[in-house]
Every structure is written in structure tokens, then in C-alpha cells.
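Me: I would like a close look at a single part of this model, the packing of one pair of helices. Please also place that part in its surroundings.

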Amino acid sequence: MIAELIGEMFCGERRVIMKRKPSLVFLVVLALLVGACGAPVPPTSSLAATPTIAITTAPTASPSATPTPGPTETPTPTVAPSLTPVPTATPVPSPSAYPTGSLPAGTSYVRYGSRAYPVIAITVDDCYSSAAVAADLAVFQKYHVNATWFPIGYVAALYPDLWRAVDAAGFPIANHTFDHQNLTLKTYDQIVKDFKDDNNTLSSIIGHPIMPFARPYGGSLNDTVIRAAAAAGEKAVINWDTTDGDTSGGVAGYTDVNRLISLGEGGKNGSIILMHANHEYTTKALPAIINYYRARGFQFVTLGQMFGVPGPVPYGPEPATWIPTPSPSPTLAPPTPPYY
Ligand SMILES: [Zn+2]
């Protein structure tokens, strides 16, 4: 626990994305121009009028921005003349075109996914409190939030029915070691055993393999941990770049829900947020954190989605709210000291 208290708390720049609405006057003039030319009314005029906006918070334009045919307008299916000031809208992908990253061969170490997309991966560690696990799960289900669980092996073994329920709800479960000890103080063989014991325990509870992702206690990391994770069959060692601070700051800190909300809102594109199901304060902070990101066009993804590794996904992608760009591969940070 102590090492987690000093775990990294990355408070990256907050990305505040404003939806620029097209000028009403501009749109009215545009509508008249288009109508006078007999062009069909473009169905997504807001996108055409706002080519520089990568994200919109609503899939449809405001009522004032939708050119409504007037009683004297008779749009015809003729080809629209080229309006040079208005670039062609980039097609918005369907939900099935949801981009994911990918991992190279071998075992990677990552702290975040691609910065190209407004996606957030919530991860829930430890899970000492079965009540908190159930409450957090209910919040995720209520808000349709994808999240990835990292229960401690020996703790999860105390509540097998609970973890069968989490699995049955479609949520991915990954490896937070069986013993929850500082891995940098262990030998290679001990670390391999810790990972394997956790995989075996959780897989036997839920009846199928867990996700091939390992998160060391407190993010404790060195080259031996990476090699041991590879030997245990892990595809990646995954830490985080953002945390809500729900194990730091002492009692006054982790019981301050507003503090948890503020820290939890520190993510940006591709962020992995560290939380814990150890007490009720995280549960209380979750709705505000979820709403914060949703209001800014972020989507919540599993780590499997973020890194292109097949696994359970509770909820399908939300309607696409951003225009993707190429290069969705994640940024891989090499494991260099100092470790945390
Ligand atoms: Zn932990």
C-alpha cells in the first residue's frame, strides 16, 4: 500500500474542447445560397461548417444551425456547385470503425494509449472492499462505462461469487499479482510465481483466462518485472498516467471526494486512470468523473480496446464523436529508472 501512496500522480494538461457553433448568419446565407442553387441540403452541415473541430459533444447540430427548407424552397437532386470556402466534411466513422491501438510482439510496458483519440481507460485496483466493488460495478453499469479490474489474487479468492458477477457483467479482469508485494524486492522466480498464482486463481474463479495484462503493486517496476511478466504469459505490464488519488493524502485526502474528482479529471487522450475499490469515496467520485469526460466527448474503453488485445468489452462503442486521424498505435514508454 505504501508504494501505491507514492505512485505517480500525473496531472496532465486538461483538454477542454469547445464546440464551436457555426455562425447563424453564415449558415443562413449558406442555406440561401445552397437553396438558390437548387442543391440538396447537406445532412451534416455542422461538420462541413466546422472543419477544424475534431470532437463534437453532440451528434447533431443545434436547431438554429440546421437549414430547414422554407415553403418556397424546392431542393432538387442536382449536383451541388462547389462552394470553395466550405471544405468537404471528413466522414465520421460508424461505431464499428472504432479505432484501437496495438502492441508489438513480446511483452510491452505502457502507461497510456494513443494520444490521437479522446479515449479513457478506467482501471480499478486492489478491490479490498467487496462492497466497493459491487457499488463501483453498479455505477459502471448505470453509466455504461467500460473499465478494467485489477483485483489482488488472494483478496479476490475471498469473494469468488463477486468476481464471477463482475465477469458475467462482461468486464475484463487482469493481473494485479496474488500477494500484492513490491515486486522490485522479489527475485525473478518469485515474481513469475506471483503473476502465475494470480492468473491461476482468477482464471479458476471465472472459468476462463483473464486478460494478459499485469499491473505490479504500486507500479513497482524494473527489467526483472518485465521479464517475469513475459514468462508468466503477460502481453503487457500496464501502469497509469492519471490517478484519482484514492490511496494517497492520508485519511483527509482519500476521503475528500472533491479532491478525488479533481485529480480524476486530470486525464487526456489515451489516459489510463488508476482507481481502487477499497472504500466508498471512490464510488462517490465516479459519477462526476464519468460525466466530466463524457461532456468533453471522451469514450471509456477497456485496456483491451485501448491496446488492441481481444477480451471482454461490456459496452459497445458510443456513437463516434470525433474525426480520427491515422496512426492509432499507442505510444510505448520504455521501462527506464527511476521506477515508481
Ligand atoms: Zn494495488
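Reply: What follows describes one helix pair, then a sheet, then the whole chain.

The model is predicted. The pair consists of helix 7, residues 188–206, and helix 8, residues 223–231. Their axes are 8 Å apart and meet at an angle of about 45°. Angles from 65 to 115 degrees would count as roughly perpendicular and those under 35 as roughly parallel, so helix 7 is oblique to helix 8. The crossing of the two helices is right-handed. Helix 7 brings Y188, I191, V192 and F195 to the contact, while helix 8 supplies T224, V225, R227, A228, A229 and A231. By class, the residues of this contact are 8 nonpolar, 1 polar and 1 charged.

The sheet is the next element to consider. It is open and built of 3 strands in the order 1-5-4, with parallel pairing. Strand 1 (108–110) and strand 4 (213–214) are the edge strands; each has a single partner, so one side of each has no neighbour in the sheet. Strand 5 covers residues 236–238 and pairs with strand 4 in the parallel sense over 2 bridges. In that pairing, A214 has V237 of strand 5 as its bridge partner.

At the level of the whole protein, there are 12 helices and 8 strands. The protein has 340 residues, of which 42% count as buried. Among its contacts with a separation of 6 or more, 82% join residues 24 or more positions apart.

How values were computed. Residues are numbered from 1 along each chain as its sequence is written. This is a predicted model: local features need pLDDT of at least 70, side-chain atom pairs count only at pLDDT 80 or more; totals for chains, interfaces and linings use all residues. Axes are lines fitted to C-alpha atoms, for helices over the stretch in contact, and angles run from 0 to 180 degrees between N-to-C directions. Helices (H or I, at least four residues) and strands (E, at least two) are DSSP runs, numbered from the N terminus. Angles under 35 degrees count as roughly parallel, over 145 as roughly antiparallel, 65 to 115 as roughly perpendicular and the rest as oblique. A crossing is left-handed if the near helix is turned anticlockwise from the far one by less than a right angle, and right-handed if clockwise. Two residues are in contact if their C-beta atoms, placed from the backbone, lie within 7 Å. Ala, Val, Leu, Ile, Met, Phe, Trp, Tyr, Cys and Pro count as nonpolar, Asp, Glu, Lys and Arg as charged, and the others, Gly among them, as polar. Two strands pair if DSSP finds at least two bridges between them. A residue is buried if 20 or more other C-beta atoms lie within 10 Å of its own, exposed if 12 or fewer, and partly exposed in between; C-beta atoms are placed from the backbone.
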